[in-house]
Amino acid sequence: MVTISAPDASPRQGRNAVHPAPSARRHPDGHRPPAGAPPETVRTAHVSPGDLAVTDADPDFARQFGLSASGIHGRGILQLLRAREPDRLQGQFHALGTGRSRCFTESVTGRDGKGRIFSAELTATAVRSPSGKTLALFVILRPAGQVHRPEKPAGTAEPGGPVISSLDAQVLEGVARGESTVQLASRLYLSRQGIEYRVGQMLRRFDAPNRAALVARAHALGMFATRQWPPRVLPERVE
């Protein structure tokens, strides 16, 4: 948790109040899956950046493969899920683990507990410490039946989501890129205490224990434009 200090003076201090989400089950690696997306829509898991084994998963992720939440531990993500180009999928995970990329989305298939093949959309994000070390790979799985929705304008967010100030959006985008407090302060012309204050406010607002969990929760709440790097908070989420 960052140190909370007095904020820099800024004309953009207002933000819409939202109620904190109920506390989620803490994962053994210290992170929590993003609470806020309905379980029938999003299945989440943490994967080791070294051997790509599942280190933790929510029950719905495990049930997608006919396994229990404990039984899926240690299973290789590349054995659970396949892509049209297996080498490409393996390369994308390797790039995440080595710091050469931050996020990717890929169409995949898998088998459920009855051996039936299902299609899904996989989004994987690198969970990194403030120093840049890759701690885990965060995987979001959306079964294909829930991915195909009526067409909406590109980048449109679901209504009723949280809204943050323009400055907080810039800070959140920087955190999602893996920028340190010093880098954010230099780019946004704020003090380090000002950056830490704003990050701390968002940690509390979104019930996140650390920066990595904050980014994961923001993704789950649909605050970022999909399939875009560097990360960008949707205009609908900025007041």
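Okay, one definition before we start: helix axes crossing at 65 to 115 degrees count as roughly perpendicular. Keep that in mind, and keep in mind too that this is a predicted model.

So, how do α6 and α7 cross? Helix α6 covers residues 181–188 and helix α7 covers residues 192–205, and their axes come within 8 Å of each other, crossing at roughly 110 degrees. That falls in the range I just gave, so α6 and α7 are roughly perpendicular to each other. On the α6 side of the contact we have T181, V182, L184, A185 and L188, and they meet R192, I195 and E196 from α7. Sorting the residues of that contact by type gives 5 nonpolar, 1 polar and 2 charged.

Now the loop that joins these two helices. Y189 sits there, between α6 and α7, and its phi is near 60 degrees, which is positive even though the residue isn't a glycine. For context, most residues other than glycine have a negative phi. Is Y189 buried or exposed? Exposed, with a relative accessible area of 74%.

Go along to the loop between α7 and α8, and you find D207. Here's another non-glycine with a positive phi, about 55 degrees this time. D207 counts as partly exposed, because its relative accessible area is 22% and the buried class stops under 20%.

That brings us to α8 itself, residues 211–220. How much of it is covered? Mostly covered is the short version: 9 of its 10 residues are buried. The buried set is R211, A212, A213, L214, V215, A216, R217, A218 and A220, and yes, there are two arginines in there, R211 and R217. What does the covering? The elements over those buried residues include strands β5 (117–128) and β6 (134–143), plus helices α5 (166–176), α6 and α7. So the crossing pair I opened with turns up again here, as part of what covers α8.

Have a look at the ends of α8 while you're there. At the N-terminal end, N210 acts as the cap, with a side-chain oxygen 3.3 Å from the backbone nitrogen of A212. Just after the helix, G222 takes a positive phi of about 70 degrees.

On to the sheet. It's an open one with 6 strands, in the order β2-β1-β6-β5-β4-β3, and the pairing is antiparallel. Which strands stand at the edges? Those are β2 (54–57) and β3 (81–82); each has a single partner strand, so one side of each is left without a neighbour in the sheet. Taking the β3 edge, β3 pairs with β4 (residues 103–111) in the antiparallel sense over 2 bridges. In one of these, R82 has T109 of β4 as its bridge partner. Helix α3, residues 86–97, packs on the sheet and touches β3, β4, β5 and β6, with its direction making about 135 degrees with that of β4.

Last stop, A45, in strand β1 (residues 43–47). This alanine is buried, with a relative accessible area of 0%. What does A45 touch, leaving out residues up to four places away in sequence? V54, D56, A57, F61, L137, F138 and V139. And for a distance to check on your own screen: A45 and D60 are 15 residues apart along the chain, and their C-alpha atoms are separated by 9.7 Å.

Technical notes
Residues are numbered from 1 along each chain as its sequence is written. This is a predicted model: local features need pLDDT of at least 70, side-chain atom pairs count only at pLDDT 80 or more; totals for chains, interfaces and linings use all residues. Side-chain values use heavy atoms; hydrogens and water are left out. Axes are lines fitted to C-alpha atoms, for helices over the stretch in contact, and angles run from 0 to 180 degrees between N-to-C directions. Helices (H or I, at least four residues) and strands (E, at least two) are DSSP runs, numbered from the N terminus. Angles under 35 degrees count as roughly parallel, over 145 as roughly antiparallel, 65 to 115 as roughly perpendicular and the rest as oblique. Contact means heavy atoms within 4.5 Å. Ala, Val, Leu, Ile, Met, Phe, Trp, Tyr, Cys and Pro count as nonpolar, Asp, Glu, Lys and Arg as charged, and the others, Gly among them, as polar. Buried means under 20% relative accessible area, exposed over 50%, partly exposed in between (1.4 Å probe, protein chains only). A polar contact is a pair of N or O atoms within 3.5 Å; within protein, one must be able to donate a hydrogen and the other to accept it, and residues adjacent in sequence count only if both atoms are side-chain atoms. Two strands pair if DSSP finds at least two bridges between them.
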